[in-house]
Amino acid sequence: MNEEMTESSNESAGELLAGQPVRIVERDGVRYTLLGTAHVSQASVEAVEQAINSGQFDAVAVELDPQRLQALTEPDKLARLDLVEVIRNGRVALFAANLALAAYQRRLAEQLGIEPGAELKRAVTLAHERQLPVYLIDREVGLTFRRASQRLGFFGKLKLIGGLGAGLFASDEVGEAEIEKLKQGDMLESSFGEFASESPELYETIIGERDRYMATRLREERSDDQRNVLAVVGAGHLAGMATYLQSDTAAPGPLRESLEEVPRKRKLPWITLGILAIVLAGIGIGFWRGGLGMGTEMLAVWAMYTGGLAGLGCLLAGGHPLSILTAVVVAPFKPFRLSIPTGAFSALMEARLRKPAYHDFLQLRDDAQTLRGWYRNRVTRVVMTFMLTNLGSMLGLWLTGFTVYGRLAG
């Protein structure tokens, strides 16, 4: 196997893909042409059209997964989403992250006059018109987000969530540095902002792992009747993909599965368990030392802080009165359901009482860009109910722990 690298000087690809970064790797009888694109460039769209219309390629691969392709080609598909199932399956945080990505893409489209990823969408459309096989080689956003989240510590996750939140409500134009990064690299990297480059763990998951994943998918889709494959990917992936495509010797199937795996959390939430232990021990000691009066007082403190702050979080999210009542009642029973967040109960109640309408889903991309839109849209209000209720419940747990410890120490 050998690799040939070119920008526009390669004799065969240079004329066809003038001005575009290209890497060519030949392996196992297949010639892979990796076309590097900018996700916000009309020139990249034109380069894709020229390459596919040339008739030189037997198959087309794109830096997309089924979910992102659907978002590009069938934006109304979101209106058929079952929000209740999203909550029950614990995918609210992922759903919120996708909203942040959609809002960021909408800002770019309005500012630059071109839809981010237009060249990928065009590649799929043209390939179908010419009856060429299309391979979606990127890893699902959900898997990437979950793998990235697991590599971060508690404060790293808070910073990640804060960065995504800031991206949701930013109304100013996207900076030149971000636009240049998109011209050279990757939509997901830009969406996570500066944190992606500051965090080696996040950068490796978002960029490094996906380079190897996409190279592996190309090898996995190899077919004897497809000798020339065009892969349309962000320019920032070219070097990594070419290296892995040339040098990886592991079987592609098992390697892909390992890069999709999200290990189950084995670590116990020691901080939460520690605070719970202090609270429960304190209540028990209160009954032992001070009798029924002191023990009951500590139970009341527990219920007031956890239920009260969870209810306050739900109120701040604009939740229905019954959703707020649900948060107040459910939060104090946290020790009996460590794996189920309080916000799931209030969000389910909110989704049933104020069921999102078709219009709410259609307006998601627009409403997700402003704080007012989040309160107006019933879908985003359910997401806020989930997140702010959980935040209030967590603060209530901490405050109770400090209060009970102070009483015992005093």
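This passage describes how the helices pack and how charged residues pair in a predicted model of a single protein chain.

The overall picture comes first. The secondary structure of the chain comes to 21 helices and 6 strands. Of the 410 residues in the chain, 49% are buried. Contacts between parts of the chain that lie apart in sequence are also informative: among contacts joining residues at least 6 apart, 75% join residues at least 24 apart.

Two helix pairs show how these elements meet. In one pair, helix α2 (residues 42-53) packs against helix α6 (residues 118-129) with the axes 8 Å apart and an angle of about 20° between them. Angles under 35 degrees count as roughly parallel, and α2 and α6 are therefore roughly parallel to each other. The crossing of α2 over α6 is right-handed. On the α2 side, the contact is made by Ser-44, Val-45, Val-48, Glu-49, Ile-52 and Asn-53. Helix α6 contributes Ala-118, Glu-119, Arg-122, Ala-123, Leu-126 and Ala-127. Sorted by class, the residues of this contact between α2 and α6 divide into 7 nonpolar, 2 polar and 3 charged.

The other pair is made of helix α16 (residues 321-330) and helix α17, whose axes come within 8 Å and cross at roughly 160°. Angles over 145 degrees count as roughly antiparallel, so α16 is roughly antiparallel to α17. Here too a right-handed crossing is found, as α16 passes α17. Helix α16 takes part through Leu-322, Ser-323, Thr-326, Ala-327 and Val-330. From α17 come Thr-342, Phe-345, Ser-346, Met-349, Glu-350 and Leu-353. The contact of α16 with α17 has 6 nonpolar, 4 polar and 1 charged residues.

Attention now turns to the charged residues. Side chains of opposite charge can pair when their charged atoms come close. The structure holds 17 salt bridges, and a few of them can be followed in detail. In one of these, Arg-147 pairs with Glu-209, with 2.9 Å between the closest N and O atoms. Arg-147 belongs to helix α7 (residues 141-151) and Glu-209 to helix α12 (residues 200-220), so this pair links distant parts of the chain, 62 residues apart. Both partners, Arg-147 and Glu-209, are buried.

Helix α12 also takes part in a salt bridge between the side chains of Arg-212 and Asp-248, at 2.9 Å from N to O. Arg-212 lies in α12, while Asp-248 sits in the loop between α13 (238-247) and α14 (252-260), so the pair ties together parts that are 36 residues apart in sequence. Are the two partners buried or partly exposed? Arg-212 has a relative accessibility of 27% and therefore counts as partly exposed. Asp-248, at 8%, counts as buried. Salt bridges can also join into a network, as they do for Arg-217, Glu-220, Glu-221, Arg-256 and Glu-260.

A further salt bridge leads back to helix α17. Arg-381 pairs with Glu-350, and the closest N and O atoms are 3.9 Å apart. Arg-381 is in helix α21 (residues 378-409) and Glu-350 is in helix α17 (residues 342-353), 31 residues apart, which makes this another pair linking distant parts of the chain. Glu-350 is also one of the α17 residues in the contact with α16. At 1% relative accessibility, Glu-350 counts as buried. Arg-381 counts as buried as well, with a relative accessible area of 14%.

Which residues surround Arg-381, leaving aside those up to four places away in sequence? Arg-381 touches Ala-317, Gly-318, Glu-350, Arg-354, Trp-374 and Tyr-375. The C-alpha atoms of Arg-381 and Ala-351 are separated by 9.0 Å, although these residues are 30 residues apart along the chain.

Helix α17 also holds Ala-344, which counts as buried at 10% relative accessibility. Leaving out residues up to four places away in sequence, Ala-344 touches Ile-87 and Phe-386. Ile-87 is 257 residues from Ala-344 along the chain, yet their C-alpha atoms are separated by 6.2 Å.

Notes
Residues are numbered from 1 along each chain as its sequence is written. This is a predicted model: local features need pLDDT of at least 70, side-chain atom pairs count only at pLDDT 80 or more; totals for chains, interfaces and linings use all residues. Side-chain values use heavy atoms; hydrogens and water are left out. Axes are lines fitted to C-alpha atoms, for helices over the stretch in contact, and angles run from 0 to 180 degrees between N-to-C directions. Helices (H or I, at least four residues) and strands (E, at least two) are DSSP runs, numbered from the N terminus. Angles under 35 degrees count as roughly parallel, over 145 as roughly antiparallel, 65 to 115 as roughly perpendicular and the rest as oblique. A crossing is left-handed if the near helix is turned anticlockwise from the far one by less than a right angle, and right-handed if clockwise. Contact means heavy atoms within 4.5 Å. Ala, Val, Leu, Ile, Met, Phe, Trp, Tyr, Cys and Pro count as nonpolar, Asp, Glu, Lys and Arg as charged, and the others, Gly among them, as polar. A salt bridge is a side-chain nitrogen of Lys or Arg within 4 Å of a carboxyl oxygen of Asp or Glu. Buried means under 20% relative accessible area, exposed over 50%, partly exposed in between (1.4 Å probe, protein chains only).
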